[in-house]
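Hi everyone, thanks for coming. I'd like to walk you through one structure today, so please have a look at the sequence and the model on the screen before I start.

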Amino acid sequence: MVKHQPLQVYERQLCLSCITGIYGCRWKRYQRSHDDTTKWELLWSIILLFTFCLLLVWFYFWWEAHNDYNEFNWFLYNRSGEWSDGTVPILATTAAGFTYIAFLMVLALCHVALGQQLNLHWLHKIGVTAALLTTVIGVISVNQTWGQEWDVIPISLQATGPFLHIGALAAVTALSWIVAGQVARSEKTMFQLVVVLLYLSVLLGLYVVPLYISSPCIMDPSTLKQRPDVIGHQGAPMLAPENTLWSFQRALQMNVTGLEADVAISVDGVPFLMHDRTLRRTTDVGKVFPERHMEDASSFNWTDLRQLNAGQWFLKDDPFWTVHTLSSREKRLIANQSVCSLEQLLRLASYHNSTVVFRLRRPPPEHPCYDSWINDTLQAVQESGVPQSLVMWTPDEHRAQVRQLAPGLIQTSVEKRRLQRLHLDGISRLLLRYNQASTQEIGNFSQSNISITLYTINEPWLYSVLWCSGVSSVSSEASHILKKVPYPIWLMRPDEYCLMWVSVDLISFAVVIGIFIFQNYHMIRYRTSGMRSYNPEQIMLSAAAVRRSSRDLNVMKEKLIFSEVGNGVGSAEELYEDNGYDY
């Protein structure tokens, strides 16, 4: 029997209507239910949770991979032949997808907290499926084309781990309100036991996570080594065209201690600076020599190379989104840049007493200098007049011969080898990617008097981690940014970190215990008071859930409709038509 009195105390529940309406398109009271969620909807809730976790990792990956966006764009250029910033659409779709899935997760948690049945709308199910498939395809693609970049996650956790731990602990502690409410309202002992054990296992796991967090920045500040030297990778490519004379001059203005370049050899034996195999990306070869724009850069002679403009592409493509920060004078200088020779770079470095490190690319087999490329380069170094102690020699070919002809050169290897082999080859320096040397390996090499230069370091957080690790120097495309890092971003004594960790755990534990006590006390008081406040959401209109005849259901619907008319929700005609009645 349906009483009329409860229908008179109905109130508008706009917040609840929005939550259930947006999540499952259940805008009306009679559409909502406090029944247990079906197994099908539980499966979709698990899929939603998995998608959220995957997108969270994907979003974090791209956030920390900002250090290597230029490297990623170069990979795309090698595949497509066209230069573009491929990170923009990836970041846009990732941010949109993560925001959407996070919003659905919040709505799902609100359903659980309010005791509402989960019923994800079919449009949202399509959206969740699209987000999941897109993310999975993105992960597979990155793994195939840029697999080495996954190392940025464990490396970045050395800088963000302690703070992410606090954030995760705060989130799980806040979830205790929902968990405690579910446990207190449930009358199934097994359900209560499973939920409590699952929640406590996650909470205790977070409590002991700091035991496995290892960061070089958790150290005694008195043992911090001197600030790593910064080497301008291709000069200052964020402020000027890479491998041009103006780019190296801009790097020197940022107080770099060395310059790094990529070297090729022209058909007439002149070493010049060029990163790519062809000249298409960084010169106007398509305009000056349109029929030769796909040829290898080393197939041009030095006279032809001098005719090319090596700066206008930078103003046009704006690879680092920095052109708008340049003055008119700088833009004029950039527009007039030409291809730079190795000898010009060495003379500039000698004038400023800066170290020079270059990667030498061997020309194709049909090239006239295929066999003499080492001698031609060494001759250019000797003729430039630069002190040999300022040149880091990286080619492994004929290293013993080079040591005899130029014993003052700094023998440098671009491959990580055993200490015995390095000492046998007379190598005193390593030039490695930042993910190729751990903190322990950096310490071992330093103790063996082998300096390590890591590339490419553009982000202050990564520079800070390597500084704490004891790296002697880094190669960077963002020397103007690292110039503003006079001290590691954060540095903490081990005892200070331990105190912070234990304090946060104790506070979290006290809050969780307090929430569980409050929720149970509130539920016990509610149950023993003998009072039952009327909840209109408990009216079950599902014929499967409530064994009532269709006539009883229609009567209940009509009473709800008249109640909503009285509360100003809508006109009787509109409500009757919405629910399939003939007004």
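**A strand and its neighbours**

Let me begin with strand S2, where Gly 258, Glu 260, Asp 262 and Ala 264 point one way, while Leu 259, Ala 261, Val 263 and Ile 265 point the other way, and all of them are buried. I should say right away that this is a predicted model. S2 covers residues 258–265, and 8 of its 8 residues are buried, which is what I mean by a strand that is mostly covered.

So who sits beside S2? Let me go through the partners. With strand S1, residues 229–233, S2 pairs in the parallel sense over 3 bridges. If you want a place to look, Gly 232 has Leu 259 in S2 as its bridge partner.

Another parallel pairing joins S2 to strand S4, residues 355–360, and it has 6 bridges. There, please find Glu 260, which stands opposite Val 357 in S4.

Then there is strand S3, residues 271–273, which runs antiparallel to S2 and is joined to S2 by 3 bridges. Ala 264 has Phe 272 as its bridge partner in S3. S2 and S3 form a hairpin with 5 residues between the strands, and in that hairpin Gly 269 takes a positive phi near 85°.

**The chain as a whole**

Let me zoom out for a moment. How many helices and strands does the protein chain have? The secondary structure comes to 22 helices and 9 strands. The chain has 583 residues, and buried residues make up 49% of them.

For those of you who like contact maps: take the contacts in the protein chain with a separation of 6 or more, and residues 24 or more positions apart account for 66% of them. As for the surface, the chain exposes about 29,600 Å², with carbon and sulfur atoms supplying 60% of that area.

**Into the core**

Now to the inside. The largest nonpolar core has 93 residues, and those with the most contacts inside it are Phe 358, Val 381 and Leu 454. Which helix gives the most to this core? That is helix H18, residues 460–469, with 7 residues.

Let's stay with Leu 454 for a second. Leaving out residues up to four places away in sequence, Leu 454 touches a list of residues that includes Leu 432, Tyr 434, Ile 442, Leu 466 and Val 474. Polar side chains turn up in that list too, among them Arg 433 and Ser 473.

**Two helices that cross**

Here is a pair I enjoyed looking at. In general, two packed helices are described by the angle between their axes and the distance between the axes. Helix H3, residues 69–80, packs against helix H4, residues 87–114, at an angle of about 115°, and their axes are 10 Å apart. Angles of 65 to 115 degrees count as roughly perpendicular, so H3 is roughly perpendicular to H4. On the H3 side the contact is made by Tyr 69, Phe 72 and Asn 73, and on the H4 side by Thr 87, Ile 90 and Leu 91.

While we are on H4, Ala 95 is also in this helix. Ala 95 has a relative accessible area of 30%, so this residue is partly exposed. Its C-alpha is separated by 9.9 Å from that of Leu 56, and the two residues are 39 apart along the chain.

**Three more residues**

Let me finish with a few individual stops. Is Leu 14 buried or exposed? Leu 14 is exposed, because its relative accessibility is 59%. This residue lies in helix H1, residues 14–24.

Thr 135 lies in helix H5, residues 122–145. Its relative accessibility is 5%, so Thr 135 counts as buried. Not counting residues up to four places away in sequence, Thr 135 touches Leu 54, Leu 55 and Trp 58.

My last stop is Val 485, in the loop between helix H19 (479–482) and helix H20 (494–528). Although this is a loop residue, Val 485 counts as buried because its relative accessibility is 7%. What does Val 485 contact, leaving aside its neighbours within four places in sequence? The contacts are Arg 227, Pro 460, Tyr 463, Ser 464 and Trp 467. Arg 227 is 258 residues away from Val 485 in sequence, yet the two are 9.4 Å apart in space, C-alpha to C-alpha.

Thanks for listening, and I'm happy to take questions.

Note on methods: Residues numbered from 1 in each chain as written. Predicted model: local features only at pLDDT ≥ 70, side-chain atom pairs only at ≥ 80, totals over all residues. Heavy atoms only, no water. Buried < 20%, exposed > 50% of the residue type's maximum accessible area, 1.4 Å probe, protein only. Helix = DSSP H or I, 4+ residues; strand = E, 2+ residues; numbered from the N terminus. Pairing = 2+ DSSP bridges. Core = buried A, V, L, I, M, F, W, Y, C linked by side-chain atoms within 4.5 Å. Contact = heavy atoms within 4.5 Å. Areas by Shrake-Rupley, 256 points an atom, 1.4 Å probe, with all protein chains shown as cover. Axes fitted to C-alpha atoms, helices over the stretch in contact; angles between N-to-C directions. Parallel < 35°, antiparallel > 145°, perpendicular 65-115°, else oblique.
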